[in-house]
Amino acid sequence: MLLLHDAGATALSMLPLARALPAGCAAVAFELDGRGELADAPPVRCFDDAVKRLLPAFRSWGDRPAVVVGHGVGALLAHALVAALPHGQGHHIRDVVLAGSRSPATTARLASHPRAPFLTRTREELAAELRRDGGCPAELFDYPHLLDYAVTMLGRDLHLLDTYREPAAPPPGGGTDYHVWSGRGDGSLSPAELERWRLSTPSPPKPRDFAGGHGFLCQERPPAAALHELVADRLAEGAGVPPRPQRGAA
């Protein structure tokens with residue numbers, strides 16, 4: 001499983017999903033520059049720059065069956081990275097799970113392409129957003145230097161959305177299943193947005209909603225269980241076992 005984290009997060013935020021995987025499946029979480037083990041690397045300048053920096057590592061895992069999961073800005077990065085794979089590698093991608101994100105068409109329409117981060121949103125607005133949306137440890141707001149670091153990461157990552165350009169959709173017939181997941185409290189997956197996602201993917205995406213808000217993917221247990229089931233079915237499929245019937249929304 002290839003994992004791409006949400007804005008303001010790190011690769012470690014995907015740990016609950018990795019821990020829930022069935023035996024026989026390894027997890028690889030990609031990290032944007034400027035945090036974690038890449039803290040000393042210069043931050044990416046725009047969305048296309050992020051794709052270029054991530055693509056070599058992403059391609060290095062393209063020689064084996066994989067499920068790709070992206071959350072928030074990570075969903076748009078996952079979509080772009082899969083689209084950028086050479087044809088010979090793309091057929092190894094069995095599923096692409098796009099969670100908690102507006103469609104590429106909507107994101108591109110809203111992108112204002114500012115010269116730098118923090119021009120569209122001030123640091124004060126981003127700090128208020130962290131408080132409002134939750135998902136952060138309460139202790140974060142007791143330490144100004146930690147809050148400043150979190151705001152910096154969030155602002156840089158949201159700059160990727162502000163500089164987003166929609167990639168060309170992969171050609172149909174590649175055998176990859178697409179899934180669009182959302183939290184019911186987030187409201188990102190309206191019927192209109194699902195239709196826009198359909199126009200950007202080579203096969204009609206399978207929608208599914210879960211309890212929770214934007215952070216549902218890594219904060220709630222049902223998404224991890226759903227990914228476990230999805231991967232288990234793919235492993236069984238590889239062993240020649242018929243897949244189980246699909247379950248409804250959690």
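# Holes and helix crossings

Modeller: Leu 32, Asp 33, Gly 34, Arg 35, Pro 43, Val 44, Met 153, Arg 156, Asp 157 and Leu 160 line the largest cavity. This is a predicted model, where local features need pLDDT of at least 70, side-chain atom pairs count only at pLDDT 80 or more, and totals for chains, interfaces and linings use all residues. Residues are numbered from 1 along each chain as its sequence is written, and side-chain values use heavy atoms, with hydrogens and water left out.

Colleague: What makes a set of points a cavity, and what makes it a pocket?

Modeller: On a 1 Å grid over the protein atoms alone, a cavity is a set of points where a 1.4 Å probe fits but cannot get out, while a pocket is an open set with protein on both sides within 12 Å along at least five of seven lines. Lining residues have an atom within 4 Å of a point. The space beside Leu 32 and Met 153 is a cavity, so the probe fits there but can't get out.

Colleague: How do you know what volume the largest cavity has?

Modeller: Grid points get joined across faces, edges and corners, and the volume is the space filled by probe spheres set on them. For the largest cavity that comes to about 60 Å³. With a threshold of 30 Å³ or more, the whole structure gives 2 cavities.

Colleague: What makes up the lining of the largest cavity, by class?

Modeller: It divides into 5 nonpolar, 1 polar and 4 charged residues. Ala, Val, Leu, Ile, Met, Phe, Trp, Tyr, Cys and Pro count as nonpolar, Asp, Glu, Lys and Arg as charged, and the others as polar, Gly among them, so Gly 34 goes down as polar.

Colleague: And what lines the second largest cavity?

Modeller: Pro 117, Phe 118, Arg 121, Leu 126, Gly 155, Leu 158, His 159 and Asp 162 do, around about 40 Å³ of space. Helix 7 gives the most, with 4 residues.

Colleague: What makes something "helix 7" here?

Modeller: Helices (H or I, at least four residues) and strands (E, at least two) are DSSP runs, numbered from the N terminus. Helix 7 is residues 144-162.

Colleague: What about the largest pocket: what is its volume?

Modeller: About 1400 Å³. Of its 44 lining residues, Asp 6, Ala 7, Gly 8, Leu 154 and His 214 are the closest to the centre. Helix 7 turns up here too, giving the most to this lining with 8 residues. By class, the lining has 19 nonpolar, 17 polar and 8 charged residues.

Colleague: Which element gives the largest share to the second largest pocket?

Modeller: Helix 10, with 5 residues. That pocket holds about 370 Å³, and its lining has 11 nonpolar, 2 polar and 4 charged residues.

Colleague: Why is helix 2 called oblique to helix 3?

Modeller: Their axes, lines fitted to C-alpha atoms over the stretch in contact, with angles from 0 to 180 degrees between N-to-C directions, come within 10 Å and cross at roughly 60 degrees. Under 35 degrees counts as roughly parallel, over 145 as roughly antiparallel, 65 to 115 as roughly perpendicular and the rest as oblique. That crossing falls in the rest, so helix 2 is oblique to helix 3.

Colleague: Which residues of helix 2 and helix 3 meet?

Modeller: With contact meaning heavy atoms within 4.5 Å, Phe 47, Ala 50, Val 51, Leu 54, Leu 55 and Phe 58 in helix 2 meet Leu 76, Leu 77, Ala 80, Leu 81, Val 82 and Ala 84 in helix 3. That's 12 nonpolar, no polar and no charged.

Colleague: What is the angle between helix 6 and helix 7?

Modeller: Roughly 100 degrees, with the axes within 9 Å. The two are therefore roughly perpendicular to each other. Their contact has 8 nonpolar, 2 polar and 4 charged residues.
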